[in-house]
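Please open the structure in your viewer and keep the selection tool at hand. The tour below goes from one stop to the next, saying each time what to select and what is there.

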Number of protein chains: 4
Amino acid sequence: MSKEKVVLAYSGGLDTSVEIAWLKNAGYDVIACCIDVGEEKDLVKIQEKGKQVGAIESVVIDAQQEFAEEYVLVALQAHAYYEGKYPLISALSRPLIAKKLVEVAKQYGATAIAHGCTGKGNDQVRFETEIHALAPEMKIEDPIRDQHMSREMEIAYAKENGIPVPITKESPYSIDENLWGRANECGVLEDPWATAPEDAYERTNALENTPDAPDYVEITFEQGVPVALNGQAYELAELIKELNQVAGKHGIGRIDHVENRLIGIKSREIYEAPGAEVLLKAHKDLEDLTTTKDLAHFKPIIEKQIAETIYNALWYTPLFDSLKAFIAESQKEVNGVVRVKLFKGNVICEGRQSDNSLYSLDLATYTSADAFDQESAAGFIKLYSLPSVVHAQVQQKLAAAEQLVLK
Amino acid sequence: MSKEKVVLAYSGGLDTSVEIAWLKNAGYDVIACCIDVGEEKDLVKIQEKGKQVGAIESVVIDAQQEFAEEYVLVALQAHAYYEGKYPLISALSRPLIAKKLVEVAKQYGATAIAHGCTGKGNDQVRFETEIHALAPEMKIEDPIRDQHMSREMEIAYAKENGIPVPITKESPYSIDENLWGRANECGVLEDPWATAPEDAYERTNALENTPDAPDYVEITFEQGVPVALNGQAYELAELIKELNQVAGKHGIGRIDHVENRLIGIKSREIYEAPGAEVLLKAHKDLEDLTTTKDLAHFKPIIEKQIAETIYNALWYTPLFDSLKAFIAESQKEVNGVVRVKLFKGNVICEGRQSDNSLYSLDLATYTSADAFDQESAAGFIKLYSLPSVVHAQVQQKLAAAEQLVLK
Amino acid sequence: MSKEKVVLAYSGGLDTSVEIAWLKNAGYDVIACCIDVGEEKDLVKIQEKGKQVGAIESVVIDAQQEFAEEYVLVALQAHAYYEGKYPLISALSRPLIAKKLVEVAKQYGATAIAHGCTGKGNDQVRFETEIHALAPEMKIEDPIRDQHMSREMEIAYAKENGIPVPITKESPYSIDENLWGRANECGVLEDPWATAPEDAYERTNALENTPDAPDYVEITFEQGVPVALNGQAYELAELIKELNQVAGKHGIGRIDHVENRLIGIKSREIYEAPGAEVLLKAHKDLEDLTTTKDLAHFKPIIEKQIAETIYNALWYTPLFDSLKAFIAESQKEVNGVVRVKLFKGNVICEGRQSDNSLYSLDLATYTSADAFDQESAAGFIKLYSLPSVVHAQVQQKLAAAEQLVLK
Amino acid sequence: MSKEKVVLAYSGGLDTSVEIAWLKNAGYDVIACCIDVGEEKDLVKIQEKGKQVGAIESVVIDAQQEFAEEYVLVALQAHAYYEGKYPLISALSRPLIAKKLVEVAKQYGATAIAHGCTGKGNDQVRFETEIHALAPEMKIEDPIRDQHMSREMEIAYAKENGIPVPITKESPYSIDENLWGRANECGVLEDPWATAPEDAYERTNALENTPDAPDYVEITFEQGVPVALNGQAYELAELIKELNQVAGKHGIGRIDHVENRLIGIKSREIYEAPGAEVLLKAHKDLEDLTTTKDLAHFKPIIEKQIAETIYNALWYTPLFDSLKAFIAESQKEVNGVVRVKLFKGNVICEGRQSDNSLYSLDLATYTSADAFDQESAAGFIKLYSLPSVVHAQVQQKLAAAEQLVLK
């Protein structure tokens, strides 16, 4: 009788290599699946290692461009910051990875999907919820969590099963990264009073080491999509990488956040998102110029909901589809160029222009030749303040009546 | 018969000095009233000038501490940024000034209040709406707007009426400032593509001229009120001023904003709010540590409404009272210290501690000795993803039925 | 030289007939334009009268089906009740009428559009704002408001200009109606303590006169669109009319609302919307069955914004387009049938069924054979209540410390 | 050594009587605690039975007035309907019961609290979360859920332990009730297409059996609190009971709701809340008269959050305290009388009056003597529609440019 198959989200590291062995020992045929969302992994090497440690198939997928266009872009256009600070780095890649795992599982006739998340983070909830939403019939395996494997147990299990154990000292940090940024937790960071040490960062220079001359970038947007830097066209994934480089050099995009996890505890996270920070600020700046006041004042409600919906692993839901429909419609007039100065950790939008600009010099200027009908202001103010006037009159009437009573 | 009295919001400048003359010529006894909300005006000189150019009384009021405690504090605790960018500088002082003008008017038996706003800005709406809300019976005079006085007309009128005309060249900018910041519009700023020139700024150094060594400040909050810097107690107004100095030196708090005015047009504004920027970031950082997730996730809805309500001149309304009651209650546990690094335009919250900290190392850590019950996670995920599972099952059932029909 | 042309929103009544004369006397060629949105007007008669009283052209348009499909449907799917009570009757027709007026104006080369609204209602704001949004170059004429014409003046002007004056006594009410309902204000209704008299109603029976046996209707929805009654297919406009009949007979849909007008005053309005009431309740009932919890809990935010956006005359805005995109997406799974009992003023949704039903008997039942994993509940509750536990522990620790200090 | 003590939420029924035995057998001294929130239980009898079946102490608490004033009132003033339909009957009593259980536990030195909820409803989450929030150190016992006791097992266990077994046939329904209403689920109700049978209702007459003459009630509110009926003062609990009687007689307050439970499944519930329905409608009606537009338009956001926060068992949280502070402040001007007609299932607010009325006949009337400045309307409309005008002009410019390109 043929064995059941399981698709494992494989990174090439110790945890998931041990999982290959464990799943195999548990009676599965294991298909290792490594999905690159912008870590710029050595996919060839990982593919080989997967087979080497026991997988019957080892699949690698470069999903960077799909990640940029289908996942990151929504977050950018929605100015998605969870709790006003975290630009949703890992939370953004999870639904894509889940989708790819399900696709591979269906392709190979697998009945289960495995991941290597711990039992106290967001990722276990995200992987399992997103997989359930796409393929509720799939079993889910998470041996690391469910077998309570400690680091020491993993190393012992690796040795028993002929899995190479890394000889370098284990990093004190737990890191996840992709195109949109890099997330870091654990170690010394677990004391929220302690300054994050310099070795917690990788994509950004310390301010002390940034160049003493700024870079200037002109970012062109078409319908809310960044399409060019300094006039040169880029695919979105490449554009983000390019900005990661230049903004990282200037120390842009470090975030130190005590955040509320999905599972109800607070954790302290260090994020780096240099390119994201630049694009998010520039996009907002262009919207300030091109978006009507009523839309600009309501969109933040949608944005907050989008950030929380992504964080909470509800990407593949009718709610999220509806939120995305709102955002897509809202971007039609977000066309133009923003000139950004990158310097000493700062993203400074110095100028913005657009054919869809709703800024009217004729209306805004204070010169005598202006188009604005100042006469209208008096009428406007009269009706605008009318509810306040009526309310104040009623209050005065009541106060007067009370005075009478007191006398 | 005695004349009617008018209280004029008096700044000592040409506009409002001309208004004294105009109101006097229109038959009023003028009471000039100058209110200091943190411009650190020479009140003695302004008081003298008011009388000199024709006021029968000249009143000066130092309202800085009241401004800090009753107005700025609400904005701080509500993280109030209009359109995500503007920390409500002028918008915050208007209700206080309106209140003081009404108080003076009642004290002197005046029947009218005068101001000198132009006919296309927010301030005319704000002054008039806030005055109406407090004293709907007051007449409002605005000769500059209603007489369509240009600069040239003002100078001519000043000369006719013995008012000294400033000999310095007029600033190209229109500026308003107080404790919480400085607002600048007009001139070259009216081209949103143009970089704001260095002379548009006064409270902040250009990044190029900031010190090469950071300053560190420990800010202590009690129930959401900043009460000490580096362990030294301060009155709130003084604390803000102190931070304006040190943060301004580091080039912190420059804001370049294309914003939607109350009266329906876009304008481009340059703000400087160094102390505000530090306090707003530090306060949010402490809330991240001390506030429960459910409150932290709902408070932004209140914050957005507070920012818009202040911007829209609705301070003296039952809505605003209700919003303030929410905020006051939300601050009870916002106690602790935030350590902030000020450097090269950046406000970096490096550490935070609090007796009310809800961060639990025992829960957050990934070490084996942790208190978190990882077993619970599986049950949680099962119920958490249940709606997604049911939805997916229904979709699959419908898809299968459709397949059957197609066959 | 040829005259300028003006398109007048023409009703056939005294007000707008007088306006034809006034506009003609002011030098315009007048094109009378009557748009039927469900009042079931005698269009032939109105067309004739338009010409008879001086219009050079008289255009009539039956816009009922377009009104139902493009305007009413959005309000239905968004459960749009302004201030929780008013189902947006007149507010819904204004953007359609404005669009038709602009189309006719462009067709005839007119440079102006005229309407007959008074100076204190919502309608003047709505017509002018919606017309501006579609054709900002159009002049707008409103002689009734701008000439301050009283009823007596209108009658005199009519006699001078050969316009027939109605001999019947003027109604004490000001009424507007369409497919979706009937709005009534003025007269005795202006005392909010007074019971609305029976003659204020036209589409609904008094409860005292309703039948003593109920009617039952099964309403079928496809993607949120009501498509059939008791299994019989209907065009939307006809379906609404049919429900107006049957629900009106049972006294359903009377609304007595003290509402906040756009222009800042309160007014008391009597509405009748029998069909609307039935459809709104049935549609919500079906959504309760077919919509996921997360979408069901966020959609009301969109609904409230849609109601206010329509009320505030912002139909032709990018905000409204974005809101509509959300709603359209949200309706994909709103398929099924609702069985409604209509009786004595009540709309009672007694049963609902759908292929998209997310109600799962297996999960919801309390019998022993149920599919729900009760074990998971404990884990869920543990994580769900974790923030409350941590908060309580911190509070207890602080209370204990305070006790120590007090001792 | 003395035994540990447990406080059990005791109803006198089979489930909780069996739990007394089970807890005793498990080594606890059991304190039975029965809390009356308006079921009008025979407290003496329940107290006796508690001791009789094995409790060492049996405590009964009449908490009706506290329930009305501290819990129901918040829901009333917040117009709290979960998912727009359910007026939070059981959800409202749970935090009060949890608080009383904790008080009794502390008084008797108990270390555990027990309840008898099943494993798939909201109540287990509510009891445990609210108890945790007040006393995180308490153990929680739920033998029915945790021992998977079926009805049959309970009866067997009762017989073994000398507990009287009711001889009447078990009700097909699962019912919970209090002052504010009655909730009913299970049985035939589990088919959402089935009409709820008449025996599912107890507090309300079928419409077919209601009186043919209406009752009229004038309800007086002071600061949002209902204080009198037809001019006669009532304690709140009594006032609600009185309205339950009269409104129930007229068939008011039946609710048939397919709702989303906290734990992620849909269930179908039948509620009866006659008094609640009357008070909620009357209170909203009075707010329509006395509350300013800006507050009236924002309060629903708070209301929705309050409904969900109560439903989700987060009563004892800083979020809920902040929400309550908002509501308390918002009620200061909600004074006056509403005249309500109760008839055939309908609550009809026919008239409302208040010293705080913001309805101004002078402003609202269309008569010529009105106070409204119609001139201001033109200025208002001009500024109000300015953003639409600018947007339309930009669109036209772009369309024209595109035309040129196409040629």
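## A buried valine

Select C:Val338, which counts as buried because it has 27 C-beta neighbours inside 10 Å, where 20 or more are needed for a residue to be called buried. Keep in mind throughout the tour that this is a predicted model. C:Val338 is found in strand 13 of chain C, which covers residues 336-343. Now show the residues around C:Val338: leaving aside those up to four places away in sequence, C:Val338 touches C:Ile219, C:Ala282, C:Asp285, C:Leu286, C:Cys349 and C:Arg352. For a contrast, select C:Ile20 as well, which lies 318 residues from C:Val338 along the chain, and find the 48 Å that separate the C-alpha atoms of the two.

## An open sheet in chain C

Stay in chain C and select strands 6, 7, 12 and 11, which in that order form an open sheet with antiparallel pairing. Which strands stand at the edges? They are strand 6 (174-178) and strand 11 (254-260) of chain C, and each has a single partner strand, so one side of each is left without a neighbour in the sheet. If you look along the sheet, you can follow a twist that averages 25° from one strand to the next. Then select strand 7 (residues 181-185) and strand 12 (residues 266-272) of chain C, which pair in the antiparallel sense over three bridges. One place to look is C:Asn184, whose bridge partner in strand 12 of chain C is C:Ile270.

## Parallel strands in chain D

Move to chain D and select strand 2 (residues 29-36), where six of the eight residues are buried, so that this strand is largely enclosed by the rest of the structure. Add strand 1 (residues 5-9) of chain D, which runs parallel to strand 2 of chain D and is joined to it by five bridges. Among the residues to find here are D:Ala9 and its bridge partner in strand 2 of chain D, D:Cys33. To trace how the chain gets from strand 1 of chain D to strand 2 of chain D, follow it through helix 1 (residues 14-25) of chain D, a β-α-β crossover that is right-handed.

Next add strand 3 (residues 57-62) of chain D, which is parallel to strand 2 of chain D and joined to it by six bridges. Here D:Ile31 has D:Glu57, in strand 3 of chain D, as its bridge partner. Together with helix 2 (residues 43-52) of chain D, strands 2 and 3 of chain D make a right-handed β-α-β unit.

## A hairpin in chain D

Still in chain D, select strand 13 (residues 336-343) and strand 14 (residues 346-353), which run antiparallel and are joined by seven bridges. The bridge partner of D:Arg339 in strand 14 of chain D is D:Gly351. The two strands form a hairpin with two residues between them, and D:Lys344, in the turn, has a positive phi of about 55°.

## Domains of chain A

Turn to chain A and colour its three domains: domain 1 (5-160), domain 2 (174-291 + 333-353) and domain 3 (373-406). The centres of domain 1 and domain 2 of chain A, taken over C-alpha atoms, are 26 Å apart. Where these two domains meet, 25 residues of domain 1 of chain A are in contact with 29 residues of domain 2 of chain A. Which helix of chain A gives the most to the side of domain 1 that touches domain 2? It is helix 3 of chain A, with nine residues. The residues on this side of domain 1 of chain A divide into 12 nonpolar, eight polar and five charged.

## Where chains meet

Finally, show chains A and B together, and select their contact, which takes 72 residues from chain B and 73 residues from chain A. On the side of chain B that touches chain A, helix 5 (residues 122-134) of chain B gives the most, with seven residues.

For the last stop, show chains D and B, where 25 residues of chain D are in contact with 25 residues of chain B. The largest share of the side of chain D that touches chain B, nine residues, comes from helix 11 of chain D. By class, this side of chain D has 15 nonpolar, six polar and four charged residues.

Key. Residues are numbered from 1 along each chain as its sequence is written. Chains are lettered from A and ligands numbered from 1 in the order in which they are written. This is a predicted model: local features need pLDDT of at least 70, side-chain atom pairs count only at pLDDT 80 or more; totals for chains, interfaces and linings use all residues. Two strands pair if DSSP finds at least two bridges between them. Helices (H or I, at least four residues) and strands (E, at least two) are DSSP runs, numbered from the N terminus. Axes are lines fitted to C-alpha atoms, for helices over the stretch in contact, and angles run from 0 to 180 degrees between N-to-C directions. A residue is buried if 20 or more other C-beta atoms lie within 10 Å of its own, exposed if 12 or fewer, and partly exposed in between; C-beta atoms are placed from the backbone. A crossover is right-handed if, with the strands pointing away from the viewer, the path from the first strand over the helix to the second runs clockwise. Two residues are in contact if their C-beta atoms, placed from the backbone, lie within 7 Å. Domain bounds come from an automatic or database domain assignment. Ala, Val, Leu, Ile, Met, Phe, Trp, Tyr, Cys and Pro count as nonpolar, Asp, Glu, Lys and Arg as charged, and the others, Gly among them, as polar.
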